[in-house]
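Trainee: Before we discuss any labels, could we look at the model together and go through what lies behind each of them?
Mentor: Gladly; ask how each term was reached, and we will set the value against the criterion.

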Amino acid sequence: MFSDRYRLLKIILICIALIGLLFYAYGKRKDLTLARCRTDPVRFAGAEVPLYVDSRLLEIEPDRILVSQPGGDVTVMVPAEKRPVKARPGEHIEAITIFRREGYLELKKIRTAPLRKLKIVISIPPLLLLAFLLIKSLRWEKGRLVIKESPITKIQSPR
Amino acid sequence: MPDLVTHLAGAYFAGKGLRIGRGLVIFSFGALLPDIVSRPLHIFWPRTFPVAQALHSPAVIFLICWLISLFFRVDQRKNIFLLLIGGSILHLLMDMLQKHIAGGYLWFFPFSCQGFSFGFLSPEGSLSFLPLTLLLVMLVYLFSQKKSGS
């Protein structure tokens, strides 16, 4: 598994396996969308249509919300027991909606993620720190990477 | 996912607990790896969500760790792989504590595309603990420095 024997072949096969798995994931995970449900409203009536966390609230009205999501903007009707939707326009949300035979989506569950952007921004400095530490800890030697003493552990090495 | 500061802090604590010496940087890299390979896709091209989710699954991460380790010198390769996969498993376990109502993590991909998570914390919940997390990192760092100095 880790020897130099057939190393190049192993690298090529792993890359092929990775590409294959990603294509498989793309083909297999075709989630329901409003557009797909509308092609056969009778068949998809009552089906759950997920709105993932990339979805953003554009408008909130008492009985409906307008959501921007990768496949295009969708209007989701809010049933009386789910009102009012406690969120503000511009916030990220994830939701489960139900497709109704009449051709619209109805809200079943919603979770707001108002701090999503902050989380992404806060996640940048650790990446830069890690990149710096990796550059300091690794060196290139005869066509291979080698790990040397890292700046963190150097401090803790026994004298 | 919790934010990457929390993931990095988790790797630091685990690395200290497991006495991972000079491999701490690689272990930390492993602890961020699932997000490094999947999140840019998801954030910049949201339509690739199914692919990004698969990139965050244990089977795909295993292959990526193996691939990375093959670029290292032969005598270090196995340790590099173990550090990377150890860090990645820590990452996936931390992520599994979160709740998602749409999605979740594909633990059994490619055998199953059903998402799963325990649902204890909201994905942004780790931000509330960030000051405490950073304080703990500082304390552990100072303590370990003092210990190695004495």
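**How the labels are earned**

Mentor: Let us start with Ser122(B), which has 16 other C-beta atoms within 10 Å and is therefore partly exposed, in what is a predicted model. This residue sits in the loop between H5 and H6 of chain B.

Trainee: What makes Ser122(B) partly exposed?

Mentor: A residue is called buried at 20 or more other C-beta atoms within 10 Å and exposed at 12 or fewer; Ser122(B) has 16, so the label is partly exposed.

Trainee: Which residues does Ser122(B) touch, leaving aside those up to four places away in sequence?

Mentor: Ser122(B) touches Gln98(B) and Lys99(B). With Gln98(B), which is 24 residues away along the chain, the separation of the C-alpha atoms is 5.5 Å.

Trainee: Why is Arg19(B) called exposed?

Mentor: The limit for that label is 12 or fewer neighbours, and Arg19(B) has 8 C-beta neighbours inside 10 Å, so it counts as exposed. Arg19(B) belongs to the loop between H1 and H2 of chain B, and its phi, near 55°, is positive although the residue is not glycine.

Trainee: What is unusual about a positive phi in a residue other than glycine?

Mentor: Most residues other than glycine have a negative phi. In chain A, Lys142(A) also has a positive value, with phi near 50°, and it lies in the loop between strand S6 (138-141) and strand S7 (144-147). Lys142(A) has 6 other C-beta atoms within 10 Å, and is therefore exposed.

Trainee: Where are the cis peptide bonds that lead into Pro84(A) and Pro110(B)?

Mentor: The bond from Arg83(A) to Pro84(A) is cis, with omega near -10°, and Pro84(A) lies in the loop between strand S3 (74-77) and strand S4 (92-100) of chain A. In chain B the bond from Phe109(B) to Pro110(B) is cis, with omega near 5°, and Pro110(B) is found in the loop between H5 and H6. As a general background, most peptide bonds are trans.

Trainee: How do you know that the length of H2(B) agrees with what is expected of a helix?

Mentor: The 21 residues of helix H2 (residues 24-44) of chain B should span 30 Å at 1.5 Å a residue, and because the end C-alpha atoms are 30 Å apart, the two values agree. Even so, H2(B) carries a kink of about 50° at Leu32(B), shortly before the proline Pro34(B).

Trainee: What does the same test give for H5(B)?

Mentor: H5(B) has 23 residues and reaches 33 Å from its first C-alpha to its last, close to the expected 33 Å. Its buried residues, among them Ile80(B), Phe81(B), Leu84(B) and His91(B), pack against H1, H2 and H4 of chain B.

Trainee: Which elements make up chain B as a whole?

Mentor: Chain B has six helices and zero strands. Its radius of gyration is 16 Å, close to the 15 Å that the globule rule gives for 150 residues, so chain B is as compact as a globular protein of that length. Of those 150 residues, 45% count as buried.

Trainee: How does chain A stand against the globule rule?

Mentor: A compact globule of 159 residues would have a radius of gyration near 15 Å, whereas chain A has 24 Å. The C-alpha trace of chain A spans about 70 × 40 × 25 Å along its principal axes, and buried residues make up 19% of the chain. Chain A contains six helices and seven strands, and is divided into domain 1 (1-30), domain 2 (34-114) and domain 3 (119-149). The centres of domain 1 and domain 2 of chain A are 37 Å apart, taken over C-alpha atoms.

Trainee: How many residues does each chain give to the contact between chain A and chain B?

Mentor: The contact takes 52 residues from chain A and 46 residues from chain B. On the side of chain B that touches chain A, the largest share, seven residues, comes from H2(B). By class, that side of chain B has 30 nonpolar, nine polar and seven charged residues.

Conventions
Residues are numbered from 1 along each chain as its sequence is written. Chains are lettered from A and ligands numbered from 1 in the order in which they are written. This is a predicted model: local features need pLDDT of at least 70, side-chain atom pairs count only at pLDDT 80 or more; totals for chains, interfaces and linings use all residues. Helices (H or I, at least four residues) and strands (E, at least two) are DSSP runs, numbered from the N terminus. The radius of gyration is taken over C-alpha atoms; the globule rule is 2.2 Å times the number of residues to the power 0.38. The expected span of a helix is 1.5 Å times one less than its number of residues. The bend at a residue is the angle between axes fitted to the seven residues ending there and the seven starting there. Domain bounds come from an automatic or database domain assignment. Two residues are in contact if their C-beta atoms, placed from the backbone, lie within 7 Å. Ala, Val, Leu, Ile, Met, Phe, Trp, Tyr, Cys and Pro count as nonpolar, Asp, Glu, Lys and Arg as charged, and the others, Gly among them, as polar.
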